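Grab a pencil and work through these short exercises with the structure open beside you. Try each task before you read its solution.

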Amino acid sequence: MRRGDRLFELIEILRRARQPISASAIASELEVCKRTVYRDVAALIAQRVPIRGEAGVGYVLEAGFHMPPLMLTQDEIEAAVLGAQWVRTRGEPDMQRAAESLVAKIEAIEAIAPGDLHSFFARPATGVAPVDPPEEILCSSEIRAAIRRQKKIRLEYGDDRGEITDRIIWPLLLGYRDQGRIIAAWCELREGFRYFRTERIKRAKILEESVPRRLDLLRAEWHVAMAEERQNFSTSELEGAFHPPSEED
């Protein structure tokens with residue numbers, strides 16, 4: 001068993017024990033010697049895991065301790081760090097701070113990680129190229145807050161022809177691309193689900209008026225509508241392949 005897995009199992013043994021448990025009992029369950037248990041307990045205490053031990057009595061894990069979900073495989077760590085790196089390069093200060101905090105928490109696994117993970121952060125196998133942040137009237141943190149609070153947004157929106165329309169939307173999801181972002185929303189003007197590119201928003205205001213539908217139900221309807229749109233698009237492509245347009249078309 002890898003050391004990181006063993007430390008996790010040791011905490012689980014202490015967590016489910018209803019009374020102090022001896023080093024001998026722990027060693028028997030983990031199939032290691034008592035000396036290994038002593039070293040592992042000392043390593044966990046050094047990482048501020050609240051373990052109390054008394055000679056001749058045993059070890060106790062103090063109530064209320066929760067093991068952070070950091071017992072990950074190398075591929076899982078790499079995926080998480082790669083995602084955090086991507087977020088960190090998108091030009092959003094609040095998300096950049098959150099990504100840096102996430103990486104710092106993942107790095108904490110090094111103290112109890114198996115040996116093959118010790119050099120991961122020093123020599124990462126993946127990386128993300130930075131991009132120029134898009135020019136946006138409405139910052140992404142405001143959009144995310146509106147989605148979480150289920151508030152409507154009023155937009156002055158420019159289409160690909162340069163025409164400006166006034167919209168009130170019910171935001172569902174903020175999608176990220178390398179260049180810019182897209183809001184998936186219900187549009188009151190079009191009476192349907194639409195996508196809005198944030199760089200085309202000329203003016204915006206978060207309204208105090210709440211979206212009149214539960215977000216989970218609205219998202220379910222959006223998924224159905226998008227599935228139907230994809231099906232219609234695939235069907236039209238297939239028909240076009242067998243029935244090419246006439247000259248009049």
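**Exercise 1: Glutamate 221**

Glutamate 221 sits in helix H7, which covers residues 215-242. Keep in mind as you go that you're looking at a predicted model.

*Task.* Decide whether glutamate 221 is buried, partly exposed or exposed, and find what glutamate 221 is in contact with beyond its neighbours within four places in sequence.

*Solution.*
- Step 1: start with the relative accessibility of glutamate 221, which is 32%.
- Step 2: buried needs a value under 20% and exposed a value over 50%. With 32%, glutamate 221 therefore counts as partly exposed.
- Step 3: once you leave aside the neighbours within four places in sequence, glutamate 221 is in contact with Phe193 and Arg213.
- Step 4: take the phenylalanine and check the backbone. Glutamate 221 and phenylalanine 193 are 28 residues apart along the chain, and their C-alpha atoms are separated by 9.1 Å.

**Exercise 2: The five-stranded sheet**

*Task.* Work out the strand order of the open sheet of five strands, and say which strands stand at its edges.

*Solution.*
- Step 1: a quick reminder first. Strands in a sheet pair through backbone hydrogen bonds, in a parallel or an antiparallel way.
- Step 2: read across the sheet, and you get E6-E5-E4-E3-E7, with antiparallel pairing.
- Step 3: look at the ends of that order. E6 and E7 (201-210) each have a single partner strand, so one side of each has no neighbour in the sheet.
- Step 4: now the twist. On average, neighbouring strands of this sheet are turned by 40° against each other, direction ignored.
- Step 5: zoom in on one pair. E3 and E7 run antiparallel and are joined by six bridges. Among the residues paired here, glutamate 156 has arginine 203 in E7 as its bridge partner.

**Exercise 3: A helix across the sheet**

*Task.* Find which strands H6 lies across, then decide whether arginine 144 is buried or exposed.

*Solution.*
- Step 1: H6 lies across E3, E4, E5 (181-187) and E7, and runs at about 85° to E4.
- Step 2: arginine 144 belongs to this helix, which spans residues 140-149.
- Step 3: the relative accessibility of arginine 144 is 15%, so arginine 144 counts as buried.
- Step 4: setting aside neighbours within four places in sequence, the contacts of arginine 144 are Glu92, Asp94, Met95, Leu174 and Tyr176.

**Exercise 4: Two loop residues with positive phi**

*Task.* Place glutamate 31 and glutamine 150 in their loops, and sort each one by exposure.

*Solution.*
- Step 1: glutamate 31 is in the loop between helix H2 (23-30) and helix H3 (34-46). Its phi is near 60°, a positive value in a residue other than glycine.
- Step 2: the relative accessible area of glutamate 31 is 71%, so glutamate 31 is exposed.
- Step 3: glutamine 150 is in the loop between H6 and strand E3 (151-158). Phi of glutamine 150 is near 60° too.
- Step 4: the relative accessible area of glutamine 150 is 25%, so glutamine 150 is partly exposed.

**Exercise 5: The second largest pocket**

*Task.* Which strand supplies the largest share of the lining of the second largest pocket, and how do the lining residues divide by type?

*Solution.*
- Step 1: the volume of this pocket is about 200 Å³.
- Step 2: its lining includes Tyr157, Asp160, Arg167, Arg194 and Phe196.
- Step 3: E4 (164-176) and E6 (192-197) each supply at least two lining residues. The largest share, three residues, comes from E6.
- Step 4: by type, the lining has three nonpolar, one polar and eight charged residues.

Notes: Residues are numbered from 1 along each chain as its sequence is written. This is a predicted model: local features need pLDDT of at least 70, side-chain atom pairs count only at pLDDT 80 or more; totals for chains, interfaces and linings use all residues. Side-chain values use heavy atoms; hydrogens and water are left out. Helices (H or I, at least four residues) and strands (E, at least two) are DSSP runs, numbered from the N terminus. Buried means under 20% relative accessible area, exposed over 50%, partly exposed in between (1.4 Å probe, protein chains only). Contact means heavy atoms within 4.5 Å. On a 1 Å grid over the protein atoms alone, a cavity is a set of points where a 1.4 Å probe fits but cannot get out, and a pocket is an open set with protein on both sides within 12 Å along at least five of seven lines; lining residues have an atom within 4 Å of a point. Grid points are joined across faces, edges and corners, and a volume is the space filled by probe spheres set on the points. Ala, Val, Leu, Ile, Met, Phe, Trp, Tyr, Cys and Pro count as nonpolar, Asp, Glu, Lys and Arg as charged, and the others, Gly among them, as polar. Two strands pair if DSSP finds at least two bridges between them. Axes are lines fitted to C-alpha atoms, for helices over the stretch in contact, and angles run from 0 to 180 degrees between N-to-C directions.
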